[in-house]
Amino acid sequence: VNSVLVTRRGFLTFDPLCAIGFEDKGLVLTVANPDIQSSDIDMADRKPYDEQVITRLQRISQLLASLHLAGIFHGDAQVRNFTVSPTSNIEAIDWESAQIVDFTKDENLEIVSDRAANDLRKLFESIVIGPDGRRKISEVSFSNYFNDVIFNPYYDFFGSHLIDYERDMGILSAIERIVHKDLSTRYADYAKLPASSTAAAAAAG
C-alpha cells in the first residue's frame, strides 16, 4: 500500500485499516478523524488571493518539494488531497496514484522531472478551476500566481535541501522547464473558462 511506503520514508499520512478490491480497482479505508479537514473544505469560503489561502498553498508546495526530494510523487496533488489538522499540520492523503522512484539512478531523472512537474500542475489547476468549472483567478494573473504562490516556494525549499548538488539542481532546472512549458500551453484553455465572481472582481480591480 502506497501510504505505508510513504510513512516509512518519514512522512505523516493516514494509516490504512484495510483494502477492498474490485476487479482491477480498490479502495483503502482509514480511520475517520473529525478534527482533520481537507484543505479545499478549509479554504472553500476564501478567495484565492486571501493571505491564509496563499500561505497554505505555499506550505503545500514546500511539502511537495520535500516529497519529491524523497523520490515520492503524489500523482493527484489536488488541494483536496492535502489535509490540515487543528495544530495546522499539513499532510497528504489519497496515495492511489503515487509513484516512488529511486532518485539516485540516472535513468530515472526524466521520470522524476515529469512526475514532479505533473504534481505542481495538478495543484495549480485545482486552485484555478473551481468545483463548478469556473475560473477562480484572473487570466492576467495565471503566471504570477503560479510562480509566487506555488513554484517559488517549491523551488526555494528544493534548492535549500539538495543532497547531490549537481544532480539535484539539474533535476530542479528540468522540473522548472517542463512545468512552465506545460502550463504556458494551458493558460489559453483556462482563460476560456467562465470566470467566477472572484476572478471577475480581480480583473476589474
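**Notebook: helix α5 and its aromatic neighbours**

I began with burial along α5, where I noted F142, Y145, F146, N147, V149, I150, F151, P153, Y154 and F158 as buried. I keep in mind that this is a predicted model, and I read every value below as computed from it.

I then asked which elements cover these buried residues of α5, and found that the cover includes α3 (51-69), α4 (109-128) and α6.

Next I looked up the geometry of the helix itself. α5 has 18 residues, and from its first C-alpha to its last it reaches 24 Å, which is close to the 26 Å expected at 1.5 Å a residue. Following the axis, I found a kink of about 45° at F151, shortly before the proline P153; both F151 and P153 are among the residues I had listed as buried.

I turned to the aromatic rings, of which the structure holds 10 pairs. The rings of F142 and Y187 have centres 5.5 Å apart and planes at 25°, so I entered this pair as stacked, the angle being under 30 degrees. F142 belongs to helix α5 (residues 142-159) and Y187 to helix α6 (residues 165-192), so that, with their positions 45 residues apart, the pair links distant parts of the chain. Both F142 and Y187 are buried.

How are the rings of F142 and Y190 arranged, stacked or edge-to-face? Their centres are 5.7 Å apart and their planes stand at 85°, so I entered this pair as edge-to-face, the angle being over 60 degrees. Here again F142 lies in helix α5 and Y190 in helix α6, so the pair ties together parts that are 48 residues apart in sequence.

I checked the accessibility of the two partners separately. F142 has a relative accessible area of 2% and is therefore buried, the cut-off being under 20%, while Y190, at 4% relative accessibility, likewise counts as buried.

Widening the view, I found that F142, Y187 and Y190 belong to one aromatic cluster, which also takes in F124, F146, F151, Y154, Y155 and F158. F151, the residue at the kink in α5, is thus entered in my notes as a member of this cluster too.

As a last entry, I looked up T83, which lies in strand β5 (residues 82-84). T83 is buried, with a relative accessible area of 4%. Measuring nothing beyond the model's coordinates, I noted that T83 and I60 are 23 residues apart in sequence and 9.6 Å apart in space, C-alpha to C-alpha.

Notes. Residues are numbered from 1 along each chain as its sequence is written. This is a predicted model: local features need pLDDT of at least 70, side-chain atom pairs count only at pLDDT 80 or more; totals for chains, interfaces and linings use all residues. Side-chain values use heavy atoms; hydrogens and water are left out. Rings of Phe, Tyr and Trp (its six-membered ring) pair if their centres lie within 6.5 Å; planes under 30 degrees apart count as stacked, over 60 as edge-to-face and the rest as tilted. Helices (H or I, at least four residues) and strands (E, at least two) are DSSP runs, numbered from the N terminus. Buried means under 20% relative accessible area, exposed over 50%, partly exposed in between (1.4 Å probe, protein chains only). The expected span of a helix is 1.5 Å times one less than its number of residues. The bend at a residue is the angle between axes fitted to the seven residues ending there and the seven starting there. Contact means heavy atoms within 4.5 Å.
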